[in-house]
Amino acid sequence: DEEFNELCFEFGLELDEITSEKDIISKEKGEEKAKGASDTILYKIDVPANRYDLLCLEGLVRGLQVFKERINLPRYEKIIPALGEGQRLIITEETVRVRPHAVAAVLRNITFTKERYDSFIDLQEKLHQNICRRRALVAIGTHDLDTISGPFTYTAKAPSSIKFKPLNQSQEYTASQIMDLYRTDSHLRHYLHLIENKPLYPVIYDSNGVVLSMPPIINGDHTKISVNTRNVFIECTGTDITKAKIVLDIIVTMFSEYCEKPFSVETTEVVYPNGKTHIYPELAYRKEKVKSELINKKIGISETPSSLAKLLTRMCLKSHVIGNGNNIEIEIPPTRADIIHACDIVEDAAIAYGYNNIQMTIPKTYTIANQLPINKLTELLRLDLAAAGFTEALTFALCSQEDIADKLGMDISATKAVRIANPKTAEFQVARTTLLPGLLKTIAANRKMPLPLKLFEISDIVVKDPNTDVGARNYRHFCAVYYNKSPGFEIIHGLLDRVMQLLEVPPNEENGYTIKATEGSAFFPGRCAEIFAKGQSVGKLGVLHPDVITKFELTMPCSALEINIQPFV
């Protein structure tokens, strides 16, 4: 286990934990539920999100074997059948408005076992979750080719005119009925929204009108594959052609290992609505040139070009030195869609070299880190406010429009609030322009606590500002509230005096602070004052208006203070 853990680390992966089904269930649901579960040891391995070729056992083992130099990287080849003998997938123009792209391939004379079959299904599921973005960009369908006959047609029809027997069901349903059937299915209901409101649903037929699948929801039962399937027809439909090609390449390269002729894939001809044709899978190899000094410089090592080429070859990037010995030519295989730029090649060289083997050096730039003055002031204030008997709260930076406008008796347009373009919930529609609502909501959630409640918060608020590059500006505010059977204005006023004492601002007009009576929509008439310091208005304090208190579902009087501490830095 330790050796494997080290190997994973060297290869740039992380062995998350060594566990078993029994352990997992007993942790989550208790030991009673875990009785009878399997004791087989399971390795949980964290794979980087860009390495689609390591998402199944086949690819992971192949990658580690090449890394350990036990095998050479296999060469994936596509077999183009004789004219008229290969499979064809015809795309009709109706699909343009729903899911316009489709690619396909065939795995001939494949031999599945229970483990290989499970891995094949599991890989599709993992790809669906990440690169396919929960089937929104690409959906994969795999079919038993011996149960159907080409050419295949990918089209889109009205839901009522599509009728077939879905996977693992006992009777036929129309597309509309299928949608209703899976509305309660824990797995498939998450994908229904992708086509639900479209006038036409995508569907793939064979030459006899047998439905292969209704992507991205479900395959037909007629074509389902099993352990005994010998020839597999794979189709990927989607809204993103590049992702569809990558997904098809990954599936065929991972499992062509089990074909009669290992690592060979039979191509399929895809015919577009405009009559043009294209052969898939592309299985494209491409060559990139990188200077060895670039690799050395970026990583901070000094290896010879030939040893760098050897390191890259161990990472499934077949490389050799060319020209006058400075350039390395790297062949990118179809399994490595994540290699987009020279820096991806440099990263792989660093992984093969071993991050732990790179000499640590002190950077040539000499800097001393320092806390931002505003943060230092905030930390110092927090400590003394807590010493004054107030409890610190930390509330959400986003809130609803009502919180900062209606509930405080203001109009939303007067708040200069920054709106979220597509809020997920009504609770998080705008960025807060004042800290007060957050504290009042905190009190509402803690009404069972003994009185008085004395809370404070020092955090940022956000307001629109057309003069900044991002169109908004943050201000560090300090807010405190006192909630009791009597308003306690003197306690909040006393806290203001204590804060000013700490900030070394004297109580006078010339160079200190003063308070002047004013009116505020959130405050009780005649019980509100504006605070002036450093020649500007920095905030308000006062007793909250009964309307505000009831809107926040509170029942007792409350006084509050809120100032901007930025001028005091």
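**Sheets, cores and two contrasting residues**

Author: In this predicted model, seven strands form an open sheet in the order S19-S22-S23-S27-S26-S25-S24, and their pairing is mixed.

Reader: What makes S19 and S24 the edge strands of that sheet?

Author: Strand S19 (391-392) and strand S24 (513-517) each pair on one side only.

Reader: How do you know that S19 pairs with S22?

Author: Two strands pair if there are at least two bridges between them, and two bridges join S19 to strand S22 (residues 453-464), the two running parallel; the pair therefore meets the cut-off. In one of these places, Thr391 has Leu455 of S22 as its bridge partner.

Reader: Which helices lie against this sheet, and at what angles?

Author: Helix H11 (residues 373-387) lies across S19, S22 and strand S23 (472-483), and runs at about 160° to S22. Helix H14 (residues 489-502) also packs on the sheet, where it touches S23, S24, strand S25 (523-533), strand S26 (536-544) and strand S27 (558-564), with a direction that makes about 20° with that of S27.

Reader: Why are S16 and S17 called edge strands in the sheet of three?

Author: That open sheet has the order S16-S18-S17 with antiparallel pairing. Strand S16 (286-291) and strand S17 (318-322) each have a single partner strand, so one side of each has no neighbour in the sheet. Neighbouring strands here are turned by 25° against each other on average, direction ignored.

Reader: What makes S16 and S18 a pair?

Author: Six bridges join S16 to strand S18 (residues 327-332), and the two run antiparallel; because a pair needs at least two bridges, the criterion is satisfied. Val290 stands opposite Ile328 in S18. Helix H9 (residues 305-314) packs on this sheet, touching S17 and S18, and its direction makes about 165° with that of S17.

Reader: What does the UniProt record place at residues 283-360?

Author: The UniProt entry, which is unreviewed, places the feature "domain: B5" there. In the model, the end C-alpha atoms of residues 283-360 lie 40 Å apart, and the span is 38% helix and 22% strand.

Reader: Why is Asp53 called buried?

Author: Asp53 has a relative accessible area of 5%, and buried means under 20%, so the term applies. Asp53 sits in the loop between strand S2 (41-46) and helix H4 (57-67), and its side chain makes a polar contact with the side chain of Arg51 at 3.0 Å. Leaving aside neighbours within four places in sequence, Asp53 is in contact with Gly59, Leu60, Ile250, Met254, Thr335 and Arg336.

Reader: Why does Glu28, by contrast, count as exposed?

Author: Glu28, found in helix H2 (residues 21-29), has 62% relative accessibility; since exposed means over 50%, Glu28 falls in that class.

Reader: Which residues of the largest nonpolar core touch the most other members, and which element gives the most to it?

Author: Among the 49 residues of this core, Leu107, Leu123, Leu127, Ile234, Val247 and Phe255 touch the most other members. Helix H7 gives the most, with nine residues, and the elements that give two or more include helix H5 (114-129), strand S13 (232-238) and helix H7 (241-255). Leaving aside neighbours within four places in sequence, Leu123 is in contact with Leu55, Cys56, Ile250, Ile251, Met254 and Phe255. Apart from this core lies another, of 29 residues, among them Phe11, Leu64, Ile299 and Ile339.

Key: Residues are numbered from 1 along each chain as its sequence is written. This is a predicted model: local features need pLDDT of at least 70, side-chain atom pairs count only at pLDDT 80 or more; totals for chains, interfaces and linings use all residues. Side-chain values use heavy atoms; hydrogens and water are left out. Helices (H or I, at least four residues) and strands (E, at least two) are DSSP runs, numbered from the N terminus. Contact means heavy atoms within 4.5 Å. Axes are lines fitted to C-alpha atoms, for helices over the stretch in contact, and angles run from 0 to 180 degrees between N-to-C directions. Buried means under 20% relative accessible area, exposed over 50%, partly exposed in between (1.4 Å probe, protein chains only). A polar contact is a pair of N or O atoms within 3.5 Å; within protein, one must be able to donate a hydrogen and the other to accept it, and residues adjacent in sequence count only if both atoms are side-chain atoms. UniProt positions are given in the numbering used here, feature names are shortened, and annotations may be inferred rather than shown by experiment. A nonpolar core is a set of buried Ala, Val, Leu, Ile, Met, Phe, Trp, Tyr and Cys residues joined through side-chain atoms within 4.5 Å.
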